[in-house]
Amino acid sequence: MSHEQVEAETDDKVRCDACPVTCYIRRGMAGACDRYANRDGKLVRVDPHVLLERTMERGGSVVPFSRNASEWAGAILPEDSVFVTAIGAGTTYPDYKPAPFIVSSEVDGVDMVTVVTEGIFSYCGVKVKVDTDRYLGPEQATVRSEGEAVGHVTTGEYGSQMLSLGGVHHLTGGSKKEGRVTCDALLNLSNRRPVELTVDGGVTILVEAGASPIINGVREERMRVGCGSATIGMFAKQWLGHVDEVVVVDDHITGVLSEHQAGKLLDIPPTGVKMKGRRSTPGRYFQVAEPGTGWGGTNISDPLSILGPFNPKEARPGLTMLMVSTTGEHYGFYRLDEALRPIESELPEPLRLSVERIQENCEPALSTVMFMGGAGGSLRAGVTENPVRLTRSVKDALTRVTCGGAPAYVWPGGGITFMVDVTRLPANSFGYVPTPALVAPIEFTMRLSDYAALGGHMDHVRPLSALTQGDARHVRQIDGNPWPVRPSERLKA
Amino acid sequence: MDGAQRAQVCFLPDGRRLHLQDGPIDLIIEAAGAPVVVEAAYRAAATRFRLVLNELCAELPGLRTPATPRPRPFRGPVARRMEAAVAPYAADAFITPMAAVAGGVADEILAAMRSAAGDSLARVCVNNGGDIALHLAPGEATTIGLVSRPDRPALFARARLAAGDRIGGIATSGAPGRSFSLGIADAVTILASCAAEADAAATVVANAVDLPGDPRVERRPAWNLQPDSDLGDRLVTRAVAPLDPESIATALDRGLVAARSLVARGMIVAAALHLQGVTRIASADSGLMALEARDDVTMLRERLDA
């Protein structure tokens with residue numbers, strides 16, 4: 001808050017009682033200390049506002065809002081253990097005004113400054129990674145929330161299906177309702193609340209950051225251990241001597257032990273098994289079935305449906321075969337009868353262990369949500385009078401970008417487009433404005449001298465000690481996040 | 001609530017500098033000397049500090065009214081320092097003791113530290129938001145960097161101070177700062193025998209750097225911004241548009257006349273005036289202040305801390 005902040009000609013003055021100067025403060029102005037202000041006729045601190053406390057403990061509690069001065073008199077947190085996040089910091093408007101909090105602190109003997117603001121992101125969205133081989137819907141299919149288009153299915157990644165939601169076209173390019181629903185979905189996903197999505201020509205899925213996806217009402221427990229071919233490679237030796245043939249059913253690449261390079265190297269003889277689908281290389285088959293939510297991400301519930309008749313020249317009665325999905329959730333053990341037909345029978349103990357081993361090697365399936373936004377010209381102007389210098393400083397690794405104290409990945413190329421794992425932020429870090437757009441915290445941390453060099457608002461820099469008293473909400477640092485203000489070698493250089 | 005409960009007393013993380021804060025007063029203090037002496041000085045600073053704001057506020061109405069050439073008998077020692085510093089200007093211009101409040105507090109704390117530690121402190125710097133009370137023991141020296149605008153940090157001048165220079169105060173005033181100015185200077189930095197005198201002189205000289213009636217200067221009545229400002233309905237500078245070189249020279253020359261007069265009367269030792277990239281210096285000792293043109297922000301910290 002500064003004297004510049006108001007031009008409203010109103011008469012709602014307040015008398016500040018925080019100290020004996022008892023400043024008479026006009027609406028929108030701050031008192032002599034710049035710590036208390038008149039906001040809409042009420043005396044406020046320029047808080048409340050989240051300070052991240054560095055600690056080795058987890059799950060720390062929140063210190064309640066308090067204006068009782070005796071609770072904070074004389075108390076100060078060491079500068080290197082508190083980081084001022086942008087959560088609750090507010091924004092400035094118009095954009096050229098300095099960011100609401102520009103905080104200096106000394107860390108490892110280096111004077112650091114963190115520019116703290118909440119950005120309004122019209123250009124933003126979330127990338128959702130759903131750990132599943134199940135078919136969610138065709139690539140490019142529209143993803144809907146409450147019937148409105150909010151995004152689409154994008155390219156599949158290893159063991160996962162990707163959804164791309166939000167973005168400027170859904171937020172502001174469609175109908176008013178489409179924008180509002182998209183904003184709601186993004187906000188809820190970013191704040192780690194579950195959101196039900198439907199895919200055109202595909203499934204209904206409940207997505208919640210950090211939790212297992214629920215696909216058509218069924219909770220997805222595990223990721224596949226690998227594709228069918230990889231699974232053959234991983235477990236071939238453990239099957240040797242216990243079974244004649246293994247088929248690992250997978251929507252992408254179904255593996256066949258006796259034909260696979262791994263089987264050949266172990267001198268496993270041909271079994272006369274006949275796969276449907278398109279053979280890629282020996283022992284590796286594409287498109288054995290349609291994609292779906294059955295075995296190994298296919299649409300099948302009976303694995304034998306992907307087999308043709310056994311070749312009588314190689315097969316023999318009594319030959320044994322294990323069919324298993326890439327997660328070990330589905331499996332069947334078969335023995336050929338006199339007519340070379342596979343008959344299901346009880347799974348022998350050594351094979352049961354190998355199926356359990358596959359299950360054990362499957363990681364828990366999660367939905368993960370990455371918030372992605374671009375810090376445009378306007379937000380950067382609150383940091384420096386010459387916005388492009390901030391971009392360059394970020395690219396040169398002189399300035400670190402964090403989002404609510406969480407590490408952010410900044411895309412190479414132009415602008416400051418960043419991604420952050422929403423589970424790394426304190427709860428409910430995101431907000432929205434009815435534009436519609438999301439409000440996300442963003443902090444830029446750099447050496448004080450670098451901030452000066454890029455044309456920063458130096459007259460708005462204030463020491464951390466000025467903020468650590470009073471009404472801020474203190475939260476523990478989230479386990480595993482690097483400490484945002486520690487100067488890296490690059491930042492120190 | 002009394003100041004003992006309210007005031008913040010702590011060290012900065014470097015473990016060297018003491019930070020004292022109470023209401024609008026923020027002090028960064030650095031003392032050099034034998035550890036036991038420094039500790040005693042810091043203790044004295046904290047003890048004295050806890051009472052200062054209450055003392056000032058008790059006499060605030062009087063301190064906000066114009067000074068007279070004959071100092072009024074204020075009770076508080078800081079108030080008396082403020083009144084003494086502004087009284088010499090009272091005959092010629094409007095000035096209240098508030099023009100010297102930052103310097104007066106810095107001087108008072110420095111005095112408390114020196115009386116507790118005797119003469120064994122090598123060097124003390126009490127920085128009150130950029131207004132600094134300074135003590136240098138014989139043989140000690142220090143360098144001060146002058147920054148015109150903290151948002152465009154480049155040293156425009158540098159002063160090399162030694163014990164024999166009899167400079168005990170450095171203060172800066174200007175339109176972009178936290179307190180209001182009637183003039184348009186970006187920064188006027190004064191070297192004087194104590195911080196209160198430097199503070200009062202900086203206010204007076206900064207007010208003199210002006211282009212009266214110029215439409216490129218945006219002004220507002222002070223009460224319109226701060227209802228209880230001691231400046232009442234006087235017009236204070238809000239913004240200055242880019243000026244042509246002639247106008248900059250005109251404004252600076254007005255300030256320079258005021259500064260030279262103060263130097264000639266022995267009220268200050270030196271002044272550096274800065275407006276939109278142009279610097280003028282008035283100094284009793286021409287070697288004291290050196291103009292700089294380098295981009296060096298290391299000294300900036302001293303002003304940002306407060």
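In this predicted model, helix α4 of chain A (residues 228-239) packs against helix α6 of chain A (residues 349-360), the axes being 11 Å apart and the angle about 150 degrees. Angles over 145 degrees count as roughly antiparallel, and α4(A) and α6(A) are therefore roughly antiparallel to each other. The crossing of α4(A) past α6(A) is right-handed. On the side of α4(A), the contact is made by T231(A), F235(A), Q238(A) and W239(A), and α6(A) supplies S354(A), R357(A) and I358(A). By character, the residues of this contact between α4(A) and α6(A) comprise three nonpolar, three polar and one charged.

Chain A also offers a set of paired strands to follow. Strands of a sheet pair through backbone hydrogen bonds, in either a parallel or an antiparallel sense. Strand β27 of chain A (residues 400-403) pairs with strand β32 of chain A (residues 437-447) in the antiparallel sense, over three bridges. Within this pairing, T402(A) of β27(A) stands opposite E443(A) in β32(A). β27(A) is also joined by two bridges to strand β28 of chain A (residues 406-407), and these two strands run antiparallel. T402(A) appears again here, with P407(A) as its bridge partner in β28(A). T402(A) thus has a partner in β32(A), namely E443(A), and one in β28(A), namely P407(A). What do β27(A) and β28(A) form? They form a hairpin with two residues between the strands. In its turn, G404(A) has a positive phi of about 60 degrees.

Chain B holds an open sheet of nine strands with antiparallel pairing. Read across the sheet, the order is β1-β2-β3-β4-β5-β8-β9-β12-β13 (chain B). Its edge strands are β1 (8-11) and β13 (278-283) of chain B, each of which pairs on one side only. From one strand to the next, the twist averages 15 degrees.

Within the order, β5 of chain B is followed by β8 of chain B. Two bridges join β5(B) (residues 131-136) to β8(B) (residues 169-173), and the two run antiparallel. One position can be picked out: I132(B) has I170(B) as its bridge partner in β8(B). Helix α5 of chain B (residues 101-117) packs on this sheet. Which strands does α5(B) touch? The helix touches β3 (25-33), β4 (121-128), β5 and β8 of chain B. The direction of α5(B) makes about 155 degrees with that of β4(B).

Key
Residues numbered from 1 in each chain as written. Chains lettered and ligands numbered in written order. Predicted model: local features only at pLDDT ≥ 70, side-chain atom pairs only at ≥ 80, totals over all residues. Pairing = 2+ DSSP bridges. Helix = DSSP H or I, 4+ residues; strand = E, 2+ residues; numbered from the N terminus. Axes fitted to C-alpha atoms, helices over the stretch in contact; angles between N-to-C directions. Contact = placed C-beta atoms within 7 Å. Parallel < 35°, antiparallel > 145°, perpendicular 65-115°, else oblique. Left-handed = near helix turned anticlockwise from the far one by under 90°. Nonpolar A, V, L, I, M, F, W, Y, C, P; charged D, E, K, R; others polar.
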